[in-house]
Amino acid sequence: KVQLAESGGGSVQAGGSLRLSCTFSGHIDRTYCAGWFRQAPGKEREGVALLYSSGNSRPYYADSVKGRFTISQDNENHTLYLRMNSLKPEDAAVYYCAVGLFYCNHLTKPSEGSMSFWGQGAQVTVSS
């Protein structure tokens, strides 16, 4: 069974930075799409960034985070990262890592229903 565990959430002031980590346990015996979603109170969950596990395609970023967030992976240590710079109050949300068993690139439209495995979420708070 694949399990995902996020860490690195917290509280920062606007303009600050955080790095989220997502550690995989269990075995995925194929390439996959790993990504980050977020959900703010009263809003739907939205895809923030996606990255294909083989690393041979461009990552997807939501328009709202382009140029500020960077998704990366350490396959040797089974960890997915989301580096978040220049944080804004509107970035505050619970951030979830997720894995889907499909190919993804910069043109993929994130879909909550397409992801097979989810972490428990990490709270990010940004104060103005």
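**Arg38 and its salt bridges**

Biologist: Why is R38 called buried?

Modeller: Buried means under 20% relative accessible area, with exposed over 50% and partly exposed in between (1.4 Å probe, protein chains only). R38 comes to 6%, so R38 counts as buried.

Biologist: Good to know! What kind of model is this?

Modeller: This is a predicted model, in which local features need pLDDT of at least 70 and side-chain atom pairs count only at pLDDT 80 or more, while totals for chains, interfaces and linings use all residues. Residues are numbered from 1 along each chain as its sequence is written, and side-chain values use heavy atoms, with hydrogens and water left out.

Biologist: What makes R38 and D91 a salt bridge?

Modeller: The rule asks for a side-chain nitrogen of Lys or Arg within 4 Å of a carboxyl oxygen of Asp or Glu. For R38 and D91, the N to O distance is 2.9 Å, so the pair qualifies. R38 sits in strand β4 (residues 33-39) and D91 in the loop between β8 (79-84) and β9 (93-100), so the salt bridge ties together parts that are 53 residues apart in sequence. Strands here are DSSP runs (E, at least two residues), and helices are runs of H or I, at least four residues, all numbered from the N terminus.

Biologist: How do you know whether D91 is buried or exposed?

Modeller: D91 has 1% relative accessibility, which is under 20%, so D91 is buried.

Biologist: Which other residue forms a salt bridge with D91?

Modeller: R68 does, with the closest N and O atoms 2.7 Å apart. R68 lies in the loop between β6 (60-61) and β7 (69-74), 23 residues from D91. Salt bridges that share partners join R38, E46, R68 and D91 into one network.

Biologist: What makes the R38 and E46 side chains a polar contact?

Modeller: A polar contact is a pair of N or O atoms within 3.5 Å; within protein, one must be able to donate a hydrogen and the other to accept it, and residues adjacent in sequence count only if both atoms are side-chain atoms. R38 and E46 are at 2.7 Å, so the distance fits the cut-off. The side chain of R38 also makes a polar contact with that of Y95 (2.9 Å).

Biologist: And why is R45 called partly exposed?

Modeller: R45 stands at 23% relative accessibility, which falls between 20% and 50%, so R45 is partly exposed.
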